[in-house]
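Please open the model in a viewer and set the display to cartoon. The tour below proceeds selection by selection.

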Amino acid sequence: MDVMTVCSTCEGAEGPAFADALRAALAEAGLGVQVRDWPCMNACARPVSLAFRAPQKATYLFGDVTLEDAGDVVAFAKLYAASPDGWIDDARAIGRLRHCLIGRVPA
């Protein structure tokens, strides 16, 4: 299962409903992404940070994500789910979120 982790410390920058709003957007899109909060992801200079990971897939860390990026997060989740190894070569479909990428780690 694909997992999106949202920095709960960073969430304060966007309000306590940040992860809930992303959960709702992903569910509305019919994506089975587990969204969980984590106390700190050590990307404090770029709040709000979030990460995507799944078994045998690359892990992605994003920073400077806002609620306005929810549609781009959903677009990324679709690409990620469709990719067998999680490697996204053409990120144009994820809009502004592609500029929020901090790092990508191979599986």
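The stops cover the sheet, the helices on it and the contact between two helices.

This is a predicted model, in which local features need pLDDT of at least 70 and side-chain atom pairs count only at pLDDT 80 or more, while totals for chains, interfaces and linings use all residues. Residues are numbered from 1 along each chain as its sequence is written, and side-chain values use heavy atoms, without hydrogens and water.

Select the strands first. Five of them form an open sheet of mixed pairing, in the order 2-1-3-4-5. Strands (E, at least two residues) and helices (H or I, at least four) are DSSP runs numbered from the N terminus; two strands pair if DSSP finds at least two bridges between them. Strand 2 (34–38) and strand 5 (101–105) each have a single partner strand, so one side of each lacks a neighbour in the sheet.

Next, select residues 59–62, strand 4, which runs antiparallel to strand 5 and is joined to it by four bridges. Tyr60 stands opposite Arg104 of strand 5.

Now add helix 2 (residues 18–28), which lies across strand 1 (3–7), strand 2 and strand 3 (50–53). Helix 3 (residues 70–82) lies across strand 1, strand 3 and strand 4. Contact here means heavy atoms within 4.5 Å.

Finally, display the side chains between helix 2 and helix 3. Leu22, Ala25 and Leu26 of helix 2 meet Ala70, Val73, Val74 and Ala77 of helix 3.

Conventions
Axes are lines fitted to C-alpha atoms, for helices over the stretch in contact, and angles run from 0 to 180 degrees between N-to-C directions.
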